[in-house]
Amino acid sequence: MGNVIRPSSDLRNHYHEISKQCKESREAVIITVNGRGDTAVLGLQDYYQMKSELELLRTLADADDDVKNGRVAPIEDTFKDLRESLLKGKYE
């Protein structure tokens, strides 16, 4: 669909329309000030999804870095540590 661009005055005068547009199109609306891009408005559901996806990508990048730098352990040790941690928390 492409970016929707609106002037900052529309936030004041047409907020409900912008909100509806974000929710229906599931895309950001770019707000301009003096003709230049200033802010992106995004529906809350899409914001949370984007935030979750970024966190997942960071976690995967960290894991990839661990593998590349030899910071790995046998899977059996990992499961053993997880079991011990879970049992410890359960009985404390």
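Q: Is L57 buried or exposed in this predicted model?
A: Buried means under 20% relative accessible area, exposed over 50%, and partly exposed in between, with a 1.4 Å probe and protein chains only. L57 has a relative accessible area of 53%, so by these cut-offs L57 is exposed.

Q: What should we keep in mind about numbering and confidence?
A: Residues are numbered from 1 along each chain as its sequence is written, and side-chain values use heavy atoms, with hydrogens and water left out. This is a predicted model, where local features need pLDDT of at least 70, side-chain atom pairs count only at pLDDT 80 or more, and totals for chains, interfaces and linings use all residues.

Q: Which helix holds L57?
A: Helices (H or I, at least four residues) and strands (E, at least two) are DSSP runs, numbered from the N terminus. Residues 44–68 form the one that holds L57, helix 3.

Q: How is L82 classed by accessible area?
A: L82 lies in helix 4, residues 75–90. Its relative accessible area is 46%, so L82 is partly exposed.

Q: What separates the C-alpha atoms of L82 and H16?
A: Along the chain, the two residues are 66 residues apart. In space, their C-alpha atoms are separated by 48 Å.

Q: Why is one side of strand 1 and of strand 3 left without a neighbour in the sheet?
A: Strands pair if DSSP finds at least two bridges between them, and the open sheet of three strands has the order 1-2-3, with mixed pairing. Strand 1 (4–7) and strand 3 (36–41) stand at the edges, so each has a single partner strand.

Q: Which residue is the bridge partner of R6 in strand 2?
A: Strand 1 and strand 2 (residues 29–33) pair in the parallel sense over four bridges. In strand 2, R6 has as its bridge partner I31.
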